[in-house]
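Visitor: Could you walk me through this structure? I'd like to start with the charged pairs and then move on to the ligand.

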Amino acid sequence: MASSEDEGSVEEKENAKKKPISAVATAWLIFYNIAMTAGWLVLAISMFRFYMDKGTHKGLYRSIQKTLKFFQTFALFELVHCALGIVRTSVLVTGVQVSSRIFMVWFITNSIKQIQNENGVLLFLVVWTVTEIIRYSYYTFNLLNHLPYFIKWARYNLFIVLYPAGVAGELLTIYAALPYVRKTAMYSLRLPNKYNVSFDYYYFLISVMCSYIPLFPQLYLHMLRQRRRVLHGEVIVEKDD
Ligand SMILES: CCCCCCCCCCCCC[C@@H](O)CC(=O)SCCNC(=O)CCNC(=O)[C@H](O)C(C)(C)COP(=O)(O)OP(=O)(O)OC[C@H]1O[C@@H](n2cnc3c(N)ncnc32)[C@H](O)[C@@H]1OP(=O)(O)O
């Protein structure tokens, strides 16, 4: 672990370790991050205007769902970026983060209209939106070598509250979906059938909720390590995927 006096040399070592990426990759990442920042900003403005007009969050999801689905699905490119090695992120960490979001959007909130007005949905929508505006603007300014300190500070401090809040919103939403899923047996396959396999979406959702117990602390600890590295210049040795 480096002391704060070593910060200069730590940064130099970190920079020396960075693999240079091609101009095309850099241009693509700048475009991608600007597009994502703009997309999440549009969502923030739409949500704010909806609430100002209607004075309630009922109907909010329905009004922003197309934009949300588009930009959250576009985030699959993040897996492509780490697989191609053009960003130095872990495929595993990014994979868990992106897949759980895609799952929440497509297989829970989009599929079950009856839960779209739940408080949990509002909670994760607000938290994701704040997080992503900060995260993608961080990447954009970083690539342009003009990163304002307050964005760096926000990226590596606000998650301390936003991450648990987002997870709470997601878990509340899945929990609210359970009675409907049990009643309708949606996405479930009962025996006997021609494939001779059974699948119960209700129990699958319960196992997804349980998987937050081992996975979320690992993501949170990963972010705390990143925070120490970026804000305090500590050298963190992480195991490869
Ligand atoms: C099929 C059903 C599956 C169900 C699974 C259920 C399991 C669920 C468990 C947990 C669920 C999490 C739920 C989650 O949705 C909740 C929320 O998000 S709530 C909102 C708060 N969230 C956050 O604050 C998210 C914080 N997390 C992260 O940011 C992530 O860990 C991650 C996005 C994965 C980032 O990971 P990592 O630390 O590896 O990346 P860095 O940002 O530090 O970047 C590392 C370097 O790469 C550069 N980089 C990365 N991306 C880009 C990019 N797009 N453009 C340019 N550069 C990029 C970055 O600058 C760093 O470079 P350097 O080291 O050189 O500075």
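**Charged pairs and the ligand**

Guide: Arg101 is buried, with a relative accessible area of 5% (buried means under 20% relative accessible area, exposed over 50%, partly exposed in between, with a 1.4 Å probe and protein chains only). This is a predicted model, in which local features need pLDDT of at least 70 and side-chain atom pairs count only at pLDDT 80 or more, while totals for chains, interfaces and linings use all residues. Residues are numbered from 1 along each chain as its sequence is written, and side-chain values use heavy atoms, with hydrogens and water left out.

Visitor: OK, and which side chain does Arg101 meet in a salt bridge?

Guide: Arg101 pairs with Glu132 at 3.1 Å, N to O, where a salt bridge is a side-chain nitrogen of Lys or Arg within 4 Å of a carboxyl oxygen of Asp or Glu. Because Arg101 lies in helix H5 and Glu132 in helix H6, the pair ties together parts that are 31 residues apart in sequence; helices here are DSSP runs (H or I, at least four residues), numbered from the N terminus.

Visitor: Is Glu132 buried or exposed?

Guide: Glu132 is buried, with a relative accessible area of 3%.

Visitor: How many salt bridges does a search of the whole structure find?

Guide: The search finds 4, and one of them joins the side chains of Glu78 and Arg135 at 3.3 Å, N to O. That pair links helix H4 (residues 77-84), which holds Glu78, to Arg135 in helix H6, 57 residues apart, and both residues are buried.

Visitor: What about Arg190, which residue does it form a salt bridge with?

Guide: Arg190 pairs with Asp200, their closest N and O atoms being 3.4 Å apart, and both sit in the loop between H8 and H9. Salt bridges that share partners also join Glu78, Arg101, Glu132 and Arg135 into one network.

Visitor: Switching to the ligand: how many residues surround it?

Guide: There are 35, counting a residue if one of its heavy atoms lies within 4 Å of the ligand, and Tyr139, Arg155, Glu170, His222 and Gln226 are the closest.

Visitor: Which ligand atom does the Gln226 side chain contact?

Guide: A polar side-chain atom of Gln226 lies 2.7 Å from an oxygen atom of the ligand. Arg155 places a side-chain N or O atom 2.5 Å from a ligand oxygen, and a polar side-chain atom of Tyr163 is 3.4 Å from a ligand nitrogen.

Visitor: Which helix gives the largest share of the shell?

Guide: Helix H9 does, with 8 residues.

Note on methods: Polar contact = N/O pair within 3.5 Å; in protein donor to acceptor, adjacent residues only side chain to side chain. Helix = DSSP H or I, 4+ residues; strand = E, 2+ residues; numbered from the N terminus.
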